[in-house]
Amino acid sequence: MTATAFTKMHGLGNDFAIFDARVAPVHLHEAQVRALADRQRGIGFDQLILLGQSDKADVHMRIFNANGGEVEACGNATRCVIALLGKDAVIETRAGLLKGELLDDTVRIDMGEPRFDWDAIPLAQPMDTMDMPVGWEMLERPMAVNIGNPHVIAFVDDPYAVDMARLGPQIETDPLFPEGVNVNVASVSDNAITLRVWERGAGLTEACGTGACATAVAAIRRKLVSGPVAVHLPGGKLTIDWQPGGTISMTGPFASAFTGEVEL
Ligand SMILES: N[C@@H](CCC[C@H](N)C(=O)O)C(=O)O
């Protein structure tokens, strides 16, 4: 066992333990990530972030959900990593190379181009991802968008009236989504979005950066809003901009919580 340093950070309350394997090797396995994610007995986080050397970018970033599964993208953690590096930088992720700019007290990330083809989400069968002929109770005719990771989006009158704790896990594990899915429930008014997200592998979080991107893109495609659009999550606000055919810009805050050590 080796004492291993980590930094605890969050983006709008979506929280992370960030380990830096550029300093010293960090050996983690799935059960360990789950134990560390435990908010009573471990560090407690929604995602564990593992930084490493990259030969294509300033840094390589791996992302593990609280359930131990490795995933492709995490918008809020990407902002935190730029803040931790203290400069504009390019981050290599499974979702591709993401460029981040450190602004005064926020970070802007170019999250790349969204994908809409059914097999890019991925879905189990061909369908129109703009208007899916499926539904779960009041969540009808959803849309699907891939922001490196898979998202389903349902527009409702009041996202806070939806029983996310019950419907979230049901939709996350629906066989329609062979790789699971992040579940976004949103309403739109005055060119702004109110959003709650049940995250794949992490549950209901205070905020989800890729969820905000996916939902803003979905709302722009349905002509419910036009970019830039404010996305209000339980933990605060992100600003998302996108023009069809272009890449997504996500701007929002970050915060450092504390640094610590764990035996790994
Ligand atoms: N919190 C994230 C998304 C993290 C990954 C997600 N749960 C997945 O499984 O794809 C964000 O800010 O984007």
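**Exercise 1. Two exposed residues with positive phi**

Task: Is K223 buried or exposed, and where does K223 lie?

Solution:
- Step 1. Count around K223: 7 other C-beta atoms lie within 10 Å.
- Step 2. A residue with 12 or fewer such atoms is exposed. K223 is therefore exposed.
- Step 3. Place K223 in the chain. K223 sits in the loop between α4 and β16.
- Step 4. Check the backbone. K223 has a positive phi of about 60°, although it is not a glycine.
- Step 5. Compare with the general rule. Most residues other than glycine have a negative phi.
- Step 6. Repeat for D190. Its phi is positive too, at about 50°, and D190 is not a glycine. D190 lies in the loop between β13 (182-189) and β14 (192-199). It has 6 C-beta neighbours inside 10 Å, so D190 counts as exposed.

Keep in mind throughout that this is a predicted model.

**Exercise 2. The annotated pair**

Task: Which residues does the UniProt annotation "active site" cover, and what is the largest C-alpha distance among them?

Solution:
- Step 1. Read the record. The unreviewed UniProt entry gives C74 and C208 as "active site".
- Step 2. Compare sequence and space. The two are spread over 135 residues of sequence, yet they cluster, with a largest C-alpha distance of 7.7 Å.
- Step 3. Locate C74. This residue is in the loop between β5 (70-71) and α2 (75-85).
- Step 4. Test C74 for burial. The cut-off for buried is 20 or more other C-beta atoms within 10 Å. C74 has 29, so C74 is buried.
- Step 5. List its contacts beyond four places in sequence: Q47, I63, G209 and T210.
- Step 6. Turn to C208. It is in the loop between β15 (203-205) and α4 (209-221). C208 is buried because 35 other C-beta atoms lie within 10 Å.
- Step 7. Apply the sequence filter again. C208 is in contact with N14, N182, V197 and E199.

**Exercise 3. The ligand between two domains**

Task: Why does the ligand lie between domain 1 and domain 2?

Solution:
- Step 1. Set the domains. The assignment gives domain 1 (3-109 + 253-263) and domain 2 (118-246). Their C-alpha centres are 23 Å apart.
- Step 2. Look at their contact. It takes 23 residues from domain 1 and 18 residues from domain 2. On the domain 1 side, α2 gives the largest share, 4 residues.
- Step 3. Inspect the ligand shell. Of 18 residues, N76, N149, R200, G209 and T210 come nearest. α2 and α4 are the elements that give two or more residues to the shell.
- Step 4. Sort the shell by class: 4 nonpolar, 11 polar and 3 charged.
- Step 5. Conclude. Both domains give residues to the shell, so the ligand lies between them.

**Exercise 4. The nonpolar core**

Task: How many residues has the largest nonpolar core, and which element gives the most to it?

Solution:
- Step 1. Take the count: 75 residues. Those with the most contacts inside the core are A212, C213, A216 and I240.
- Step 2. Find the main contributor. α4 gives the most, with 8 residues.
- Step 3. Place the core. Domain 1 and domain 2 both give residues to this core, so it lies between them.
- Step 4. Follow C213. Beyond four places in sequence, C213 touches G75, M111, I147, I240, I248 and M250.

**Exercise 5. Cis bonds**

Task: Where is P228 found, and what is the omega of the bond from G227 to P228?

Solution:
- Step 1. P228 is in the loop between α4 and β16 (229-233).
- Step 2. The bond from G227 to P228 is cis, with omega near -5°.
- Step 3. The bond from I121 to P122 is cis as well, with omega near -5°.

Notes: Residues are numbered from 1 along each chain as its sequence is written. This is a predicted model: local features need pLDDT of at least 70, side-chain atom pairs count only at pLDDT 80 or more; totals for chains, interfaces and linings use all residues. UniProt positions are given in the numbering used here, feature names are shortened, and annotations may be inferred rather than shown by experiment. Two residues are in contact if their C-beta atoms, placed from the backbone, lie within 7 Å. A residue is near a molecule or strand if its C-beta atom, placed from the backbone, lies within 6 Å of it. Ala, Val, Leu, Ile, Met, Phe, Trp, Tyr, Cys and Pro count as nonpolar, Asp, Glu, Lys and Arg as charged, and the others, Gly among them, as polar. Domain bounds come from an automatic or database domain assignment. A nonpolar core is a set of buried Ala, Val, Leu, Ile, Met, Phe, Trp, Tyr and Cys residues joined through C-beta atoms within 7 Å.
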